[in-house]
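Reader: I am new to this structure and would like a close look at a single part of it, namely one sheet together with whatever lies around it. Please take me through it slowly.

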Amino acid sequence: MTHTHTHTHTHILSIFSSLIMDVQLVCSTLSLLLPVLAALGSGDDGWSMNVQSEVRAIEGYPVVLPCTFSHPQHSQHSSLQVLWRLGHGQSATILYRCTTRSGTTTCEPGPQQDQRYRLEGNPREHDLSLRINSATLQDSGRYYCRVEVLGREHFSFEDKMGTKLRVETPPKILSLLVEGSEQSGYRAVCRVQGSPLPDVQWLGPDDLLEGSVLGPLAQGSQAVYHTVSQLRDVEPGQQYTCSASNPLGRDQATLYVLPPRPPLTVAGASPPLLLLLSLSVGAKVLLLVGLGVWMVQGGALQGVSCWWK
């Protein structure tokens, strides 16, 4: 009797321990499934979208921003709307919008669509890639693509991370000039544009010189593409070269600092000019004297004598 009771008790403990393990396994499984269930309940419904985190472009050339999507409930017969915007939130700008109607394969943009933007991909093939013709520095920023299944509002998806477009351009010297006076001293100022921001060096009459950065040329977002460098204590009668470089190339310009003008004489005229004016006045005096002699010796006296007759 005692042996049987002990065996029964051990069997019950084994069953109870097995149940505890099963409960732990179920809880562990649920903890793994909760994020998936939360995502499904949030309206994503299995959407997925692939984009590149960053795309680089050269100013003046076209660039493509890749974007593809998939959806298990997507129907080839649904009408789709594609949107591309620059920026996030209230400050975002919609750059491109097109619609693929049911039964068609083309995505028709609106009548006011900027022609620099066009869809490179085919939404029917789950490709929303955007092409930007002749990229500019102002195109740099973060882009977001979005697709909507028209008629079913919860069938839409937008990538949350976006694609950062970085437009690059070789250095360009915008201006090179001399400022200051003889009393305060002269300085050379070089204004440069480029992306990545160029490195500026100065070359004097004999060797490299040390310049200093004054700050950006532009305000706002364009400031990251401009810089101003100055070279102090430049000397008249010498030439100086401003050289700007980045990984895409180099640009340089040279200026010659003119020596100060010689002081002006009385009335602001130089000696050669005074001599020229003196010669001119002398010629007029000789002309008047000659005319007087002619009048005395010639026709004028004859007129007087005729009158007396």
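Author: Before the sheet itself, two strands are said to pair if DSSP finds at least two bridges between them, and the strands are DSSP runs (E, at least two residues, against H or I and at least four for helices) numbered from the N terminus. This is a predicted model, in which local features need pLDDT of at least 70 and side-chain atom pairs count only at pLDDT 80 or more, while totals for chains, interfaces and linings use all residues. Residues are numbered from 1 along each chain as its sequence is written, and side-chain values use heavy atoms, with hydrogens and water left out.

The part to look at is an open sheet of four strands, which follow one another in the order 15-14-18-19 with antiparallel pairing. Strand 15 and strand 19 are its edges, since each of them pairs on one side only.

Strand 18, made of residues 239-246, is a good place to start, because six of its eight residues are buried (under 20% relative accessible area with a 1.4 Å probe and protein chains only; exposed is over 50%, partly exposed in between), so this strand is largely enclosed by the rest of the structure. On one hand, strand 18 pairs with strand 14 over five antiparallel bridges, and within that pairing Asp199 has Ser245 of strand 18 as its bridge partner. On the other hand, strand 18 pairs with strand 19, residues 249-256, over eight bridges, again in the antiparallel sense. Two of the positions in this second pairing can be followed by eye: Cys242 has Ala253 of strand 19 as its bridge partner, and Ala244 has Asp251 of strand 19. Strand 18 and strand 19 also form a hairpin, with two residues between them.

If you follow the chain back from strand 14, you come to the loop between strand 13 (185-195) and strand 14, and Pro196 lies in that loop. The peptide bond that joins Ser195 and Pro196 is cis, with omega about 0°.

Strand 14 also takes part in the second largest pocket (a pocket is an open set of points on a 1 Å grid over the protein atoms alone where a 1.4 Å probe fits, with protein on both sides within 12 Å along at least five of seven lines, lined by residues with an atom within 4 Å of a point). Its lining counts 13 residues, and Asp199, Val200, Gln201, Glu210 and Gly211 are the ones that lie nearest the centre. Two or more lining residues come from each of strand 14 (199-203), strand 15 (208-209), strand 16 (212-215) and strand 17 (226-234). Strand 14 gives the largest share, four residues. Asp199 is thus named twice, as the bridge partner of Ser245 and among the residues nearest the centre of the second largest pocket.

Lastly, consider the nonpolar cores, meaning sets of buried Ala, Val, Leu, Ile, Met, Phe, Trp, Tyr and Cys residues joined through side-chain atoms within 4.5 Å. The largest has 31 residues, and Met49, Trp84, Leu128, Ile132 and Leu165 have the most contacts inside it. Its largest share, four residues, comes from strand 10, residues 141-149. Another core, of 13 residues, lies apart from the largest one, and among its members are Cys190, Leu231, Cys242 and Val257. Cys242 brings us back to the sheet, where its bridge partner in strand 19 is Ala253.
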